[in-house]
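Student: I should like to learn how to read a sheet and a ligand site in a protein model. May we work through an example together?

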Amino acid sequence: MDVMKAEKVSFGYGSHKILQNLNFEMNNNQVIGLFGDSGSGKSTLCKILTGFITDYEGEVTVNGQKHNGGYNPIQLIYQHPEKVMNPRWKMKDVLEESWMPDEKILNEFGIKKEWFKRYPSELSGGELQRFSILRALNPKTKFIIADEISTMLDAVTQVQIWESLLTVARENNVGVLLVSHDKRLINRISDEMVYLSDITD
Ligand SMILES: Nc1ncnc2c1ncn2[C@@H]1O[C@H](COP(=O)(O)OP(=O)(O)O)[C@@H](O)[C@H]1O
Ligand SMILES: [Mg+2]
């Protein structure tokens with residue numbers, strides 16, 4: 001079993017304190033929903049967990065190890081996939097930079113082969129988000145942090161994307177932290193809901 005832990009994590013932007021003594025733990029067989037109001041620091045925590053913010057106090061570990069370069073076993077999926085894709089790369093290259101999933105996984109996500117030849121601007125938000133989820137599902141990933149990843153999608157696409165993500169994550173023993181301001185979504189999808197306010201001082 002893999003365990004992700006955040007211990008005594010505190011962080012602020014300058015003097016603006018955002019997280020104060022946060023403690024959180026989950027394992028790779030769990031799908032946990034993290035709820036917090038808008039502006040409460042959810043995205044900030046996501047960046048800390050996945051190594052995009054490094055100047056925080058406390059510790060983030062996977063199986064007791066801090067991330068020290070190399071592939072990060074904790075991967076972030078953003079709300080806006082287009083912002084983290086090179087607009088000049090075709091989708092095949094965007095995906096392959098991480099890895100190339102087999103047919104079964106591509107089918108699970110409803111990825112069409114013709115999309116591989118297109119640029120990010122030539123796909124819909126939902127189609128792009130499928131690619132960004134697949135990128136994050138690299139076999140070296142142990143935990144996925146999904147930060148409001150379906151907020152901008154229509155209801156049908158939202159359901160499809162979550163079903164695909166959870167199917168593949170469970171099959172491969174990847175833990176999922178679903179971060180959202182939407183309690184109904186969290187209730188529907190996750191095993192357990194955690195309040196950001198309850199895991200900080
Ligand atoms: N790069 C930044 N510099 C300064 N303040 C920031 C920055 N990013 C976010 N904040 C502030 O930190 C607080 C928490 O933001 P965020 O983590 O994005 O919250 P959430 O994702 O829960 O809506 C907000 O008040 C936001 O304005
Ligand atoms: Mg946010």
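**Reading the sheet and the ligand site**

Tutor: Let us begin with a single pair of residues: Ile74 stands opposite Phe143 in E7. Please keep in mind that this is a predicted model.

Student: In which sense do E6 and E7 pair, and over how many bridges?

Tutor: In general, the strands of a sheet pair through backbone hydrogen bonds, in either a parallel or an antiparallel manner. Here, E6 and E7 pair in the parallel sense, over four bridges. Strand E7 is also joined to strand E8 by five bridges, again running parallel; Ile144, for example, has Val176 in E8 as its bridge partner.

Student: What is the order of the strands in the open sheet?

Tutor: The five strands follow the order E6-E7-E8-E3-E9, with parallel pairing. Strands E6 and E9 form the edges, each pairing on one side only. Neighbouring strands are turned by 20° against each other on average, direction ignored. Helix H5 packs on this sheet, touching E3, E7 and E8, and its direction makes about 150° with that of E8.

Student: Which way do the residues of E6 point, and are they buried or exposed?

Tutor: Ile74 and Leu76 point one way, Gln75 and Ile77 point the other way, and all are buried.

Student: Which polar atoms lie opposite the oxygen atoms of ligand 1 in Lys42 and Thr44?

Tutor: An N or O atom in the side chain of Lys42 is 2.8 Å from an oxygen atom of ligand 1. For the side chain of Thr44, the corresponding distance is 2.5 Å. The protein buries 57% of the 570 Å² that ligand 1 exposes when taken alone. Helix H1 gives the largest share of the surrounding shell, three residues.

Methods:
Residues numbered from 1 in each chain as written. Chains lettered and ligands numbered in written order. Predicted model: local features only at pLDDT ≥ 70, side-chain atom pairs only at ≥ 80, totals over all residues. Heavy atoms only, no water. Pairing = 2+ DSSP bridges. Helix = DSSP H or I, 4+ residues; strand = E, 2+ residues; numbered from the N terminus. Axes fitted to C-alpha atoms, helices over the stretch in contact; angles between N-to-C directions. Contact = heavy atoms within 4.5 Å. Buried < 20%, exposed > 50% of the residue type's maximum accessible area, 1.4 Å probe, protein only. Polar contact = N/O pair within 3.5 Å; in protein donor to acceptor, adjacent residues only side chain to side chain. Areas by Shrake-Rupley, 256 points an atom, 1.4 Å probe, with all protein chains shown as cover.
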